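Thanks for taking a look at this one with me. Below are some notes to help you find your way around.

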Amino acid sequence: MPTLTDDMNSLLYDINESVCISELYDAKVDKTLILRSINRLKAGKGDGGEGFDSDHLINHTPTLVDMLVMLYNIMLCHGHFACDLLYSTIVSIPKDLRASLGSSDNYRGIALCCSICKLFDNVIVYKYSDNLYTNDLQFGFKYKHSTSMCTALFVETVKHLTNRNTNVYSCLLDASKAFDKVHYGKLFRLLIKRDVPYIVIRLLLNSYLSQHVCVSWDGCKSLFQYF
């Protein structure tokens, strides 16, 4: 595993030592922030079968928004997610429908988590967008961007150079199972460098250390296991 448990626990200790109660006022969530974050949700996104999907949040009531504001602020204050929100279901999606569907290498696992957690992610991204900036040359995994824009830029660049009789050299890098090799401790330390409040990072880190997952396959689910 690229991320060792001892490293994460050491990081959590350092963060707990750095948390200041004054950060709670800066990190406080309000109704406006919740509503703006709900507007960024995509309709019809499920949670793995637990029965609370994105449509429930999109078609919210004022009472639900009030409860979400209270819930998120309580979680920030105590540094812990409600346990029921930390259950995810892993479903397998074929990488290539033309390849063998009987090969395990042709599948990638996607974790479907609670819609309330997805909304919280939007809250953090929206509130700290100035801290979580990305390079202008990044196209994937970015709001209102896609890899098709990267492909279009590449094609136009090649066309521009070849039309001028210039040699074009390209290097393509594909990391096998890249997400499995991510060192999450480094990502959390990057959040610290980006000046995201420790009280927010503490909550995010605790949620990563307390996740429970099950696997869904052909209509059947495994038991939930600590991740």
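How many Å apart are the mean positions of the positive and negative charges of the protein? The answer is 7 Å, for 23 positive and 23 negative charges. Please keep in mind as you read that this is a predicted model.

1. **Overall layout.** The protein holds 9 helices and 5 strands. Starting at the N terminus, the order of elements is α-α-α-α-α-β-β-α-α-α-α-β-β-β. Along its principal axes, the C-alpha trace spans about 60 × 45 × 40 Å.

2. **Inside and surface.** Of the 227 residues in the protein, 29% are buried. The exposed area comes to about 15500 Å², and carbon and sulfur atoms supply 57% of that area. If you take the contacts between residues at least 6 apart in sequence, 65% of these join residues at least 24 apart.

3. **Helix H1.** This helix covers residues 5-18, and its length is easy to check. At 1.5 Å a residue, its 14 residues should span 20 Å, and the end C-alpha atoms are indeed 20 Å apart, so the two values agree. The buried residues of H1 are Met 8, Leu 11, Leu 12 and Ile 15. Because these four cover an arc of only 100 degrees around the axis, they sit on the same side of H1. Asp 6, Tyr 13 and Glu 17 are exposed on the other side of H1. As for partners, the buried residues of H1 pack against helix H8 (184-193) and H9.

4. **Helix H6.** The same check works for residues 115-127. With 13 residues at 1.5 Å a residue, H6 should span 18 Å, which agrees with the 18 Å between its end C-alpha atoms. The buried residues here are Ser 115, Ile 116, Cys 117, Leu 119, Phe 120, Asn 122, Val 123 and Ile 124. Which helices do the buried residues of H6 pack against? They pack against helix H3 (31-38), helix H4 (54-58), helix H5 (62-78) and helix H9 (198-209).

5. **Asn 73.** You will find Asn 73 in helix H5. Is Asn 73 buried or exposed? Its relative accessible area is 16%, and buried means under 20%, so Asn 73 counts as buried. Leaving out residues up to four places away in sequence, Asn 73 touches Leu 24, Lys 28 and Val 29.

6. **Ser 207.** Helix H9 contains Ser 207, which is buried at 9% relative accessibility. Ser 207 and Phe 81 are 126 residues apart in sequence, yet their C-alpha atoms are 6.1 Å apart in space. Not counting residues up to four places away in sequence, Ser 207 touches Phe 81 and Leu 86.

7. **The loop between H8 and H9: Arg 194.** Arg 194 is found in this loop. With a relative accessible area of 28%, Arg 194 is partly exposed, because that class runs between the 20% limit for buried and the 50% limit for exposed. Between Arg 194 and Asp 130 there is a sequence separation of 64 residues, while C-alpha to C-alpha they are 9.1 Å apart. Setting aside neighbours within four places in sequence, Arg 194 is in contact with Asn 131, Leu 132 and Tyr 133.

8. **Two positive phi values.** Some background helps here: most residues other than glycine have a negative phi. Asp 195, also placed in the loop between H8 and H9, has a phi near 65 degrees, a positive value in a residue other than glycine. Asp 195 is exposed, with a relative accessible area of 60%. The other case to look at is Asn 165, in the loop between helix H7 (147-162) and H8. Asn 165 is not a glycine either, but its phi is positive, at about 55 degrees. Is Asn 165 buried or exposed? Its relative accessible area of 74% makes Asn 165 exposed.

Technical notes. Residues numbered from 1 in each chain as written. Predicted model: local features only at pLDDT ≥ 70, side-chain atom pairs only at ≥ 80, totals over all residues. Heavy atoms only, no water. Buried < 20%, exposed > 50% of the residue type's maximum accessible area, 1.4 Å probe, protein only. Contact = heavy atoms within 4.5 Å. Areas by Shrake-Rupley, 256 points an atom, 1.4 Å probe, with all protein chains shown as cover. Lys, Arg positive; Asp, Glu negative; His and termini not counted. Charge placed at Lys NZ, Arg CZ, Asp CG, Glu CD. Expected span 1.5 Å × (residues − 1). Arc of directions from axis to C-beta.
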